[in-house]
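Hi everyone, thanks for coming along. I'd like to walk you through a few spots in one structure, so please have the viewer open and follow with me.

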Amino acid sequence: MGIRSLLVWSTLAVCLASSCFADSAWNGHLTPGSTTKARFSPYYVPPGAKSYDSSSPLLHFSGAWSESFSSAYVQKSIRSSSDPGAAITFTFTGTGIEWFGNQDQKHGFANVYVDGKLVEKVDAYNNVPRKQQRIFWSFGLPQGKHTLKIVNTGDKQPASKGTFIDVDALVVTKGPPLVQTAPLQQNMIASPSYPPLLDLSSKFNPESHWTLVQNGSTGVHAMQLAIISETHALVVDKVEHNPLTVNGHPAWAALYNLKTHALMPLSMQSNSFCAGGTFLSNGTMINVGGNPVVEDRTAAADFGDVDGLQAVRIFEPCESDDVSACRIYENHDRIRMASPRWYNTVLRISDGSAMIVGGSMKGGWINNGTTNNPTIEYFPPKNIHGSNGLPVHLPFLVDTLNSNLFPITFSLPDGTIFMAANRDAMIYNWETDTERRLPRIPNGVRVTYPMTGTALLLPLSADNNYIPEILLCGGSTVDDTKPGYEISSQDPASSQCTRMVLTDEGIAAGWQVEQMPQARTMPDAVLLPTGEVLIVNGAGSGISGYGNVVNQVGASNADNPVFTPVLYSPNGSPGQRFSSASMPTSNIPRLYHSVATLTPNGDVMVAGSNPNLDRSELKYGTEYRVEWLGPAYMKAERPRIVDGVPKLLGFDHSANIKVRIPTTSPRGASVKVALMDLGYVTHAVHANSRLVYLESALSDDQETLTITGPPNGNVYPPGPGFIYVVVDGVPSVGVKVLVGDGKGPAVDEGARNNLLKSTSVDQYERLKGHSHEDGSE
């Protein structure tokens with residue numbers, strides 16, 4: 001271990017034993033008012049929006065309305081009516097409208113019309129009196145003039161004591177300026193070793209074109225995304241003024257119904273700002289790290305009392321179509337990390353536990369030796385290498401400063417861990433605590449935050465003895481020692497993709513380099529059941545983050561959104577693996593804090609983009625719209641899994657499943673069974689994404705498919721997955737399965753107790769002089 005490693009590790013140990021939190025827990029971009037504490041109510045006027053108070057002459061009231069005055073109201077006034085048929089009409093120009101008012105036990109129903117069409121019947125009743133609540137919201141309207149009408153129906157639910165509705169304020173989203181959707185050619189690093197970029201349009205049948213549909217809103221910004229069941233996705237954000245409300249304040253987590261697009265807000269205790277997550281072997285999901293937060297008074301840059309930096313949030317399996325009982329649990333006195341982490345990667349490993357990798361000791365921007373947390377820890381805590389539940393030092397995370405946040409990690413089929421950060425990569429044996437450094441990523445390309453690229457472990461199969469191969473795409477060659485004022489949003493991203501086979505021979509051969517059709521930073525790479533890779537989202541220039549560089553666009557550190565996805569065929573010939581010829585082009589910029597994931601249905605859910613400290617409606621503002629990319633196979637006759645998929649698929653155990661092969665498929669068609677972990681997606685990190693082709697045999701009558709579970713937890717770490725039957729390149733709808741024995745990872749009570757004894761809970765809170773009891777949900 002070098003002197004630099006020793007110094008940084010000593011600094012971290014001192015921080016954990018005492019405190020490095022006397023200053024603000026946020027070390028990043030600030031905006032006017034962002035450090036001023038205020039009640040965290042739903043009412044908020046983001047940049048790019050305009051508020052109209054109830055006394056505005058532009059609001060036209062009909063029927064009997066009364067006006068009240070109080071400092072608790074927006075502009076100190078509010079108008080109320082219990083008169084059936086009483087109405088308000090408001091004409092505005094923009095793309096969205098929000099209605100704010102009171103809720104209590106005397107409120108009833110109102111019909112809301114937009115442009116003459118009834119869009120919702122809302123209930124303003126609440127058992128708890130609350131002010132400045134968002135009663136109705138609608139975004140994504142066509143740019144132009146619209147009319148909102150609110151009518152008191154005179155109805156109420158039985159528990160209500162009245163039929164009041166009131167109007168405190170209306171907030172209009174003006175809408176971002178129209179953006180250029182034509183693909184932009186970015187500068188690329190030239191090298192004679194790069195294969196030529198080819199126009200493959202002649203190789204694709206017109207019927208192979210993908211589809212793009214915009215449908216649904218996430219309600220909370222989709223910074224983090226995970227498919228939790230066949231019907232729902234979990235969406236997680238940071239604390240900000242999202243339109244979806246829970247317990248009288250803006251929510252920062254929600255469950256999204258993949259079939260109906262309905263939303264259910266979730267209550268979180270701590271701030272999950274730039275947290276990571278994974279599923280454990282028993283299907284429980286953990287979300288770890290973040291930034292501090294208070295329950296009712298907050299500021300955008302310094303969230304106060306409950307230390308999200310150490311948080312471990314628990315989401316137990318929730319398989320039902322009815323998710324009303326689903327909860328996120330926190331109890332920092334009993335469950336927490338040993339050390340603070342922001343921008344940490346979380347990976348399920350071969351024993352079904354979670355490895356928590358790296359991160360920064362407080363929020364900010366690019367990492368440095370002062371804030372770096374060059375360690376790993378485990379959940380549940382392990383007594384490994386003498387750590388007894390405490391962090392294990394990783395020299396690799398010192399040597400890869402500064403651009404090393406959200407390290408790229410994958411659990412390999414021999415149980416070791418591939419890791420990449422900045423321009424470097426290694427294989428880490430967590431059982432022996434040894435590092436095997438790999439050849440440096442070529443051409444000076446950095447691949448981790450804020451020079452963000454993306455990566456995947458390519459499909460594994462018994463056909464080649466589960467030999468692992470890594471794909472890295474995108475990123476930036478920007479010097480990570482430069483200050484922000486020497487970095488521009490116009491600095492070109494990298495178009496480089498590199499592959500390495502992780503055998504002795506493959507490592508000796510080094511990285512194989514190819515080029516995407518367009519340069520991208522912050523792309524997402526999504527594995528498809530066919531074994532192909534969809535690359536979507538990202539920017540053609542700049543870097544991740546907001547408010548840090550010159551030539552910012554709004555607050556974004558990046559510009560030139562890449563609107564057209566590209567399909568990558570790993571088994572194609574070099575130079576002919578990329579094509580966007582069959583791809584639709586979006587008009588929604590997906591920059592920093594965008595996500596994409598495969599769904600059980602087989603299409604790709606695309607959401608997010610928010611290079612802003614708090615919700616914004618300026619250019620590159622906060623994006624709530626959801627897009628659905630439909631591969632060409634969605635239009636084909638698809639195989640069906642009829643019955644028989646076990647809830648639990650043991651290692652090397654067989655199961656017979658009933659299938660229906662498409663009538664258009666000839667006898668002897670290629671039949672594969674894809675076992676897929678759809679991962680936990682955030683910040684272009686797809687660490688847990690995985691595709692293992694299972695060994696299978698189809699019966700002579702083509703109705704029964706015998707499948708065999710993966711050989712062990714190295715090939716597929718025990719935990720949840722989805723099974724897709726793929727016939728001649730067309731997959732079925734996925735069915736959820738739990739791989740392994742279904743048990744949770746081993747709990748070492750000694751290591752857990754030592755962690756709790758040796759570390760402090762919510763240090764930042766106590767330094768502020770606050771007391772805090774359990775407070776768990």
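**Strands, a pocket and an arginine**

Let's begin with a pair of strands: S16 and strand S19, residues 253-257, pair in the antiparallel sense, with five bridges between them. Within that pairing, Val-235 sits opposite Ala-254 in S19. Before I go further, please keep in mind that this is a predicted model.

Now look at the other neighbour of S16. Strand S15, residues 224-227, runs antiparallel to strand S16, residues 232-236, and four bridges join them. The two form a hairpin, with four residues between them. If you want to check the register, Ala-226 stands opposite Leu-234 in S16, and Ile-227 has Ala-233 as its bridge partner in S16.

So, is S16 enclosed or open to the outside? Five of the five residues of S16 are buried, so this strand is largely enclosed by the rest of the structure. Turn the strand and you'll see His-232, Leu-234 and Val-236 pointing one way, with Ala-233 and Val-235 pointing the other way, all of them buried.

Zooming out, these strands belong to an open sheet of five, in the order S20-S19-S16-S15-S51, with antiparallel pairing. At the edges are strand S20 (263-265) and strand S51 (680-682), each of which pairs on one side only. From one strand to the next, the twist averages 20°.

Next stop, a pocket. The second largest pocket has a volume of about 610 Å³. Of its 33 lining residues, those closest to the centre are Pro-459, Ser-461, Asn-571, Lys-672 and Tyr-693. Which elements give two or more residues to this lining? They are strand S34 (460-461), strand S50 (671-677), strand S52 (690-698) and strand S54 (719-727). S52 provides the largest share of the lining, six residues. By residue type, the lining divides into 17 nonpolar, nine polar and seven charged.

Last, an arginine in a loop. Arg-334 lies between strand S24 (312-315) and strand S25 (345-348). Why does Arg-334 count as partly exposed? Because its relative accessibility is 45%, and the partly exposed class covers values between 20% and 50%. Leaving aside residues up to four places away in sequence, Arg-334 touches Tyr-329, Arg-752 and Leu-756. Have a look at Arg-334 and Arg-752 together: they are 418 residues apart along the chain, and their C-alpha atoms are separated by 9.1 Å.

That's my tour, thanks for listening!

Conventions
Residues are numbered from 1 along each chain as its sequence is written. This is a predicted model: local features need pLDDT of at least 70, side-chain atom pairs count only at pLDDT 80 or more; totals for chains, interfaces and linings use all residues. Side-chain values use heavy atoms; hydrogens and water are left out. Buried means under 20% relative accessible area, exposed over 50%, partly exposed in between (1.4 Å probe, protein chains only). Contact means heavy atoms within 4.5 Å. On a 1 Å grid over the protein atoms alone, a cavity is a set of points where a 1.4 Å probe fits but cannot get out, and a pocket is an open set with protein on both sides within 12 Å along at least five of seven lines; lining residues have an atom within 4 Å of a point. Grid points are joined across faces, edges and corners, and a volume is the space filled by probe spheres set on the points. Ala, Val, Leu, Ile, Met, Phe, Trp, Tyr, Cys and Pro count as nonpolar, Asp, Glu, Lys and Arg as charged, and the others, Gly among them, as polar. Two strands pair if DSSP finds at least two bridges between them. Axes are lines fitted to C-alpha atoms, for helices over the stretch in contact, and angles run from 0 to 180 degrees between N-to-C directions.
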